[in-house]
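User: I'm new to reading protein models, and I'd like a close look at one part of this one. Could you walk me through a single residue and its surroundings, step by step?

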Amino acid sequence: MITHNFHLAPSSVSLSDEQRVLLEQVSASPGAFSSVRRRAQALLMLDQGLPVGQITAQSSMDRRTIHSLITRHRTGGVKTALLGQRSSLERRQWLALSPMSH
């Protein structure tokens, strides 16, 4: 059976192995912005199939933020989900210097 991203449940995210490694590194990085760390952790939980309610409890993010994160991931990928549509130059440079972002 072939599955496509557009058939995913509204609260699921599908990550590649490389994206998962990047998100694991970001979520564990003491040098990462706290909001970026939380987004990375939430994306990993979404990839595991955890329900949004459980993610909100574990990540200190509200439902609206989680759903926004899902939308940003689907429309712009992992980098947009982590940094947002209009991220600062500092954040873009920080992620570009990450060993797994290349």
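Analyst: Let's start with one term: a residue is called buried when its relative accessible area is under 20%, and exposed when that area is over 50%. Please also keep in mind that this is a predicted model.

Now to the residue I picked. Ile66 is part of helix H4, which covers residues 63-83. Is Ile66 buried or exposed? Its relative accessibility is 0%, so Ile66 counts as buried.

What surrounds Ile66? Leaving aside residues up to four places away in sequence, Ile66 touches Ala42, Leu46, Val52, Ile55, Thr56, Ser59 and Met61. Take Ala42 as one of these partners: 24 residues separate Ala42 from Ile66 along the sequence, yet their C-alpha atoms are 7.5 Å apart in space.

Let's step back to the wider setting. In soluble globular proteins, nonpolar side chains tend to be buried together. Here the largest nonpolar core holds 24 residues, and Ile66 is among those with the most contacts inside it, along with Leu23, Leu43, Leu46, Ile55 and Leu82. Helices H1 (17-28), H2 (34-47), H3 (52-59) and H4 each give two or more residues to this core. Two names appear twice in our tour: Leu46 and Ile55 touch Ile66, and both are also listed among the residues with the most contacts in the core.

For a contrast, look at Ser60. This residue sits in the loop between H3 and H4. With a relative accessible area of 68%, Ser60 is exposed, because the cut-off for that word is over 50%. The backbone of Ser60 has something to notice too: its phi is near 60°, a positive value in a residue other than glycine.

Next, follow helix H1, one of the helices that contribute to the core. Ser27 lies in H1 and counts as buried, at 15% relative accessibility. A polar atom of the Ser27 side chain lies 3.0 Å from the backbone oxygen of Glu24. Beyond residues up to four places away in sequence, Ser27 touches Arg37, Ala40, Gln41 and Leu44.

Charged side chains come next. Side chains of opposite charge can pair when their charged atoms come close. How many salt bridges are counted in this model? There are two. In one of them, Arg20 pairs with Asp17, with 2.8 Å between the closest N and O atoms. Arg20 and Asp17 are about one helical turn apart, because they are three residues apart in helix H1. Asp17 is exposed at 60% relative accessibility, while Arg20 is partly exposed at 24%. Arg20 also meets Asp47 in a salt bridge, at 2.7 Å from N to O. This pair links distant parts of the chain, with Arg20 in H1 and Asp47 in H2, 27 residues apart. Through shared partners, the salt bridges join Asp17, Arg20 and Asp47 into one network.

Finally, a word on confidence. The mean pLDDT of the protein is 78, with 72% of its residues at 70 or more. Among the elements, H2 has the highest mean pLDDT, 92, and helix H5 (residues 89-96) the lowest, 54. Over residues 1-9 the pLDDT is below 50, and this stretch has four contacts beyond near neighbours in sequence. Where pLDDT is low, the predicted coordinates should not be read in detail.

Technical notes:
Residues numbered from 1 in each chain as written. Predicted model: local features only at pLDDT ≥ 70, side-chain atom pairs only at ≥ 80, totals over all residues. Heavy atoms only, no water. Helix = DSSP H or I, 4+ residues; strand = E, 2+ residues; numbered from the N terminus. Buried < 20%, exposed > 50% of the residue type's maximum accessible area, 1.4 Å probe, protein only. Contact = heavy atoms within 4.5 Å. Core = buried A, V, L, I, M, F, W, Y, C linked by side-chain atoms within 4.5 Å. Salt bridge = Lys/Arg side-chain N within 4 Å of Asp/Glu carboxyl O. Polar contact = N/O pair within 3.5 Å; in protein donor to acceptor, adjacent residues only side chain to side chain. pLDDT = per-residue confidence, 0-100.
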